[in-house]
Amino acid sequence: MKQYCSTIYHSIVYIIQTCYAQFYSLLFCRAISNKLVVLKMDGGVCSQMHFYLIGMLLQEKGYDVKFDLTWFRKNAKDCNGVFARNFDLLKMFPSLPFSEPSKSEMMKAKCHVITNDYFSNKTSDSFAYLQVKSPCYLQGYFRDPAGLYTVEFNKYFKVSFDVLDETNKKMLKNINDTNAIAIHVRRGDLATYNSAYGDPCDVDYFQNAINYLHDIAPETNKLFFFSDEPSWVVTTLLPKMKIRTNLPTCVVDINGSDRGYMDILLMSACQYIISSNGSVGKFAYLLSQNAKMLICRNNSSSQNEMWRQLKNVKFI
């Protein structure tokens, strides 16, 4: 009898909730813009910057764009579930125009969900997301239109070192007092093979990149290593490297994965940047007012397509 009553109770609750949702939709959703696009954000701060640029492209086309941050409240970890992926975009760029959807806007948008995955399906209509039928909810990974990392990037993202805390400002002074080379060593969920990025960068890549830069720019006088696993750089990478110069080395370990955006800002102050898998080193170069060259690994990664369009990029 108790089980029967419980079943009836839960059925009644479900009916009430369903009726409420429908009533709520009818009452509030009619006033929602027919140009509404809710764009899902996830991942690290570079992914957040990418999603923001996609949103701004849509907004320039007349859409009313809102950003869904639910992933950061429920997940906020890398693909291995280990390192933090906080919503850092507005910590890094606090003056960016930014809007989240209301509950009714989210409900309206999710009536039409569009999932885009350019990495696994490189079709001829991979820019179709720029002409979506709205209202809609847009999620996934998107091909980068021409100019995304030149015109659009520079339009919205401006570096301000004021967002750094005092410890990072001291490191920034250390960088500014030298002719620095920044080396980004991506570990975490890209420490093994990844279908989008390929194999992780090996010791040969880093030592060849450093040797190349010191040959063409002998004025460089200090190496700054940045990584989501700085202890691995100290115990594993550095002992294996054979560099043709005894430059002083600093492994920057003052920011964990929960404050990786501060590492990007510090890297952007360096004269030269050696990137690895992922976008951190490349985005630091895009943000930089000082960097003279970006070094990238020369492989068949689909990610290299966009970076070959930039000036002063060397593939090794």
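**Figure 1. A view into the second largest pocket of this predicted model.** The second largest pocket holds about 240 Å³ of space. Its lining is made up of 14 residues, and those closest to the centre are Asn154, Tyr285, Leu286, Leu287 and Ser288. If you would like to trace the walls, look for α6 (148-156) and α11 (280-287), the elements that each give two or more residues to the lining. Helix α6 provides the largest share, with four residues. In chemical character, the lining of this pocket divides into eight nonpolar, four polar and two charged residues. As a reminder of how such spaces come to light, rolling a probe the size of a water molecule over the atoms shows where empty space is left.

**Figure 2. A salt bridge between helices α6 and α2.** Here the side chain of Lys155 meets that of Glu60 in a salt bridge, with 3.1 Å from N to O. Lys155 belongs to helix α6, while Glu60 sits in helix α2 (residues 45-60). The two residues are 95 apart in the chain, and the pair thus links distant parts of it. For context, a search of the whole structure finds ten salt bridges.

**Figure 3. The four-stranded open sheet with α2 packed on it.** Reading across this sheet, you will meet the strands in the order β2-β1-β4-β3, paired in parallel. At the edges are β2 (64-68) and β3 (113-117), each of which pairs on one side only. On average, neighbouring strands of this sheet are turned by 25° against each other, direction ignored. Helix α2 packs on the sheet and touches β1 (36-40), β2 and β4. The direction of α2 makes about 160° with that of β2.

**Figure 4. A close-up of strands β3 and β4, with Gln139 in view.** Five bridges pair β3 with strand β4 (residues 136-141) in the parallel sense. To find your way along the pairing, start from Ile114, whose bridge partner in β4 is Leu138. Gln139 also has its place in strand β4. From Gln139 to Thr115 the C-alpha to C-alpha distance is 5.0 Å, although 24 residues separate them in sequence. Which residues does Gln139 contact, leaving aside its neighbours within four places in sequence? They are Lys40, Val113, Ile114, Thr115 and Asn116.

**Figure 5. The six-stranded open sheet.** The strands of this sheet follow the order β7-β6-β5-β8-β9-β10, and their pairing is parallel. Its edge strands are β7 (249-252) and β10 (313-315), and each of them pairs on one side only. From one strand to the next, the twist averages 20°.

**Figure 6. Strands β5 and β6, with helices α8 and α10.** Strand β5 (residues 180-185) and strand β6 (residues 222-227) run parallel and are joined by six bridges. A handy landmark is Ile183, which stands opposite Phe225 in β6. Helix α10 (residues 260-268) packs on the sheet, where it touches β5, β6, β7 and β8. The direction of α10 makes about 160° with that of β6. Helix α8 (residues 203-216) lies across β5, β6, β8 (272-274), β9 (293-296) and β10. Relative to β9, helix α8 runs at about 155°.

Methods. Residues numbered from 1 in each chain as written. Predicted model: local features only at pLDDT ≥ 70, side-chain atom pairs only at ≥ 80, totals over all residues. Heavy atoms only, no water. Pairing = 2+ DSSP bridges. Axes fitted to C-alpha atoms, helices over the stretch in contact; angles between N-to-C directions. Contact = heavy atoms within 4.5 Å. 1 Å grid on protein atoms, 1.4 Å probe; cavity = no way out; pocket = protein on both sides within 12 Å on 5 of 7 lines; lining within 4 Å. Points joined across faces, edges and corners; volume = space filled by probe spheres on them. Nonpolar A, V, L, I, M, F, W, Y, C, P; charged D, E, K, R; others polar. Salt bridge = Lys/Arg side-chain N within 4 Å of Asp/Glu carboxyl O.
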